[in-house]
Amino acid sequence: MRLKIKRFHYARDVEEALSLLSAYRGRGAILAGGLDLARSFNPKLEGLIDISGLGLSYVHEQDGGLRIGATTTLTEVLESRAAREYLGGFLAEVVGQVANPPLRNQATFGGAVASAHPWADLPTALVAVGAEVRWVDQEGEHRARVEELWQGEFRRLLSSAVITEIFLPPWEGAFAFGKLSRNVGDIALLNCACGLGIEDGKVAWARVALGATPRRGRRLLWLEDLLTGEAPGEELWQVVREQVEANVEVGADRRASAAWRRAAAGPLLARTLARAAEKATARQR
Amino acid sequence: MQEAMKIYFELNGEQRYVEIEPGESLLSLLRRLGMKSVKSGCETGDCGACTVLLNGRAVRSCTTFAAQVRGKRVTTLEGLGDVDDPHPLQEAFVEAGAVQCGFCTPGMILVAYELLSKNGAPTPQEVRAAISGNLCRCTGYVKIVDAVLLAAQWKREGKWR
Ligand SMILES: Cc1cc2nc3c(=O)[nH]c(=O)nc-3n(C[C@H](O)[C@H](O)[C@H](O)COP(=O)(O)OP(=O)(O)OC[C@H]3O[C@@H](n4cnc5c(N)ncnc54)[C@H](O)[C@@H]3O)c2cc1C
Ligand code: FES
Ligand code: FES
């Protein structure tokens, strides 16, 4: 552990957490599970504000959607019946592929949204389903879709805010998640989340996000357009493989080359779309 | 200047009141308190050698701040058993030949303990998933999976505590 902080606080409510944050003027941080903060090297940090006692650990079903409290651990998400049932098990499929059981015992859902690592799995899935983040700062309560939040200067914004809840909306179709990594539990070399609505044997709508490219998950709007109105099946998946290889924007990092990502993205997306189509068709029956 | 702070927590069934640095890791605190089963491998959350149970759930002590365990229950391998009075899981590891250098063993046993507390009849695949975050550089994992399955069988037969 590398942090030489001066003080550790146990916030009793959101207001106290916010006033402590503001008193530290950028030198304090919210602590949820602590997985990232314990590994960080921020020499500027002077105080940590533990929010585990704020009552923000819960999973509630609401009109087919899900409200997940910010300090809910990934294990608690997996143990919640509502979360396991959400979108036919899609969320459980994603969370079950995050790291390993002891890390999921510690990592929180809000922490994953706040840290939003580009290589992480949850951001890609949350972008695909259009999740909404709810947070509080000195000005009051706010909400935004994750992709809007992450497009802006969210780290600066969150340095004086507390995420309270993440809302995952209901969908009629089905979603599937795909991840390529060196071994089970390792972080992704590439990941994707694909949602399809099927009506009269055709794709009525598509939501496709690709992540760890090595950038954070974002939607491939051109691919969503390409899929809409088409009949799901091997012919369409072949077009997906070819078009993705030709058009996808990927880069290199120390884990994988851009050439590898370009070659791997098409098959990964085609495979995951095929699973989503199968689930969506089965759901209709 | 770091201000030292004091916390209460339960360690292996005993109430403790200890002074800690605000940024100190749980790993560092437990080693200071003589819990030598808690190993420092990577200190980045990757290897699992520093695993302990926090309120019955396996966590990395290197990525947990000591201050986070205030008012909570911490169990290290010392809390399960020792050489004179080993826990059935410890015996199963010896019986199955699942221990070589032993560096990963405390973490493996604690992760297995959490698994068996939730699932009395795990499949080999479920055991592999449970230990997937704990690295072993010696055994090749096969004997560790055997040991956990053996312990599960003993638990079902009532040889447990
Ligand atoms: C070894 C390792 C492997 C991993 N593997 C994967 C993986 O396979 N897939 C994947 O998707 N992710 C993976 N992760 C990422 C993991 O999901 C996140 O690190 C974790 O969710 C962070 O949550 P936390 O509660 O521990 O965060 P903390 O360390 O407590 O906080 C992280 C950051 O978010 C801020 N923050 C936390 N909560 C809030 C809040 N409510 N409001 C405002 N700010 C907040 C903190 O100030 C800090 O800056 C991995 C992480 C590690 C360390
Ligand atoms: S020392 Fe904690 S995970 Fe390796
Ligand atoms: S027995 Fe040596 S690391 Fe596992």
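Me: Among contacts in chain A between residues at least 6 apart in sequence, what percentage join residues at least 24 apart?
Reply: This is a predicted model, and the percentage is computed over contacts in chain A between residues at least 6 apart in sequence. Of these contacts, the share that joins residues at least 24 apart is 61%.

Me: What radius of gyration does chain A have, and which value would a compact globule with 285 residues have?
Reply: The C-alpha atoms of chain A, taken along the principal axes, fill a box of roughly 60 × 45 × 35 Å. For 285 residues a compact globule would have a radius of gyration near 19 Å, and chain A agrees with that expectation because its own value is 19 Å.

Me: How much area does chain A expose, and what percentage of its residues count as buried?
Reply: The exposed area of chain A is about 12,700 Å², and carbon and sulfur atoms supply 48% of it. Turning from area to residues, the part of the 285 residues of chain A that counts as buried is 54%.

Me: How far apart do the centres of the positive and negative side chains of chain A lie?
Reply: Chain A carries 36 positive side chains and 35 negative ones. When a centre is taken for each of the two sets, the distance between these centres is 8 Å.

Me: Which domains does the assignment give for chain A, and how many residues of domain 2 and of domain 3 take part in their contact?
Reply: The domain assignment of chain A gives domain 1 (7–50), domain 2 (59–168) and domain 3 (174–284). Taken over C-alpha atoms, the centres of domain 2 of chain A and domain 3 of chain A are separated by 21 Å. The contact between them takes 23 residues from domain 2 of chain A and, from domain 3 of chain A, 24 residues.

Me: How many residues of domain 1 of chain B are in contact with domain 2 of chain B, and how many of domain 2?
Reply: Chain B is divided into domain 1 (5–79) and domain 2 (81–156), and the C-alpha centres of these domains of chain B lie 21 Å apart. On the side of domain 1 of chain B the contact involves 20 residues, and on the side of domain 2 of chain B it involves 14 residues.

Me: Is A:Arg261 buried or exposed, and which residues does it touch?
Reply: A:Arg261 is found in helix α12 (residues 258–284) of chain A, and it counts as buried because its relative accessibility is 1%. Leaving aside residues up to four places away in sequence, A:Arg261 touches A:Leu189, A:Leu190, A:Ala212, A:Thr213, A:Pro214, A:Val250, A:Gly251, A:Ala252, A:Asp253 and A:Ala256.

Me: Which peptide bond is cis, with omega near 15 degrees?
Reply: The proline concerned, A:Pro214, is found in the loop between β11 (202–211) and β12 (218–219) of chain A, and A:Arg261 has both A:Thr213 and A:Pro214 among the residues it touches. The cis bond, with omega near 15 degrees, runs from A:Thr213 to A:Pro214.

Me: Is A:Asp200 buried or exposed?
Reply: A:Asp200 lies in the loop between β10 (190–199) and β11 of chain A, and although it is not a glycine it has a positive phi of about 50 degrees. Its relative accessibility is 80%, so A:Asp200 counts as exposed.

Me: Where does B:Glu43 lie, and what is its phi near?
Reply: B:Glu43 counts as partly exposed because its relative accessibility is 29%. The residue lies in the loop between α1 (26–32) and β3 (51–54) of chain B. Being a residue other than glycine, B:Glu43 nevertheless has a positive phi, near 60 degrees.

Me: How many residues of helix α7 of chain A are buried, and which residue follows α7(A)?
Reply: Helix α7 (residues 121–129) of chain A is mostly covered, with nine of its nine residues buried; among them are A:Asp121, A:Leu122 and A:Pro123. The residue that follows α7(A), with a positive phi near 70 degrees, is A:Gly130.

Me: Which residues of chain A does B:Ala58 touch?
Reply: B:Ala58 lies in strand β4 (residues 57–60) of chain B, and it is buried because its relative accessible area is 0%. Not counting residues up to four places away in sequence, B:Ala58 touches several residues of chain B, including B:Thr51, B:Val52 and B:Leu53, and from chain A it touches A:Pro102 and A:Asn105.

Notes
Residues are numbered from 1 along each chain as its sequence is written. Chains are lettered from A and ligands numbered from 1 in the order in which they are written. Side-chain values use heavy atoms; hydrogens and water are left out. The radius of gyration is taken over C-alpha atoms; the globule rule is 2.2 Å times the number of residues to the power 0.38. Buried means under 20% relative accessible area, exposed over 50%, partly exposed in between (1.4 Å probe, protein chains only). Contact means heavy atoms within 4.5 Å. Accessible areas come from the Shrake-Rupley method with a 1.4 Å probe; for residues, only the protein chains shown count as cover. Lys and Arg count as positive and Asp and Glu as negative; His and the chain ends are not counted. The place of a charge is taken as NZ of Lys, CZ of Arg, CG of Asp or CD of Glu. Domain bounds come from an automatic or database domain assignment. Helices (H or I, at least four residues) and strands (E, at least two) are DSSP runs, numbered from the N terminus.
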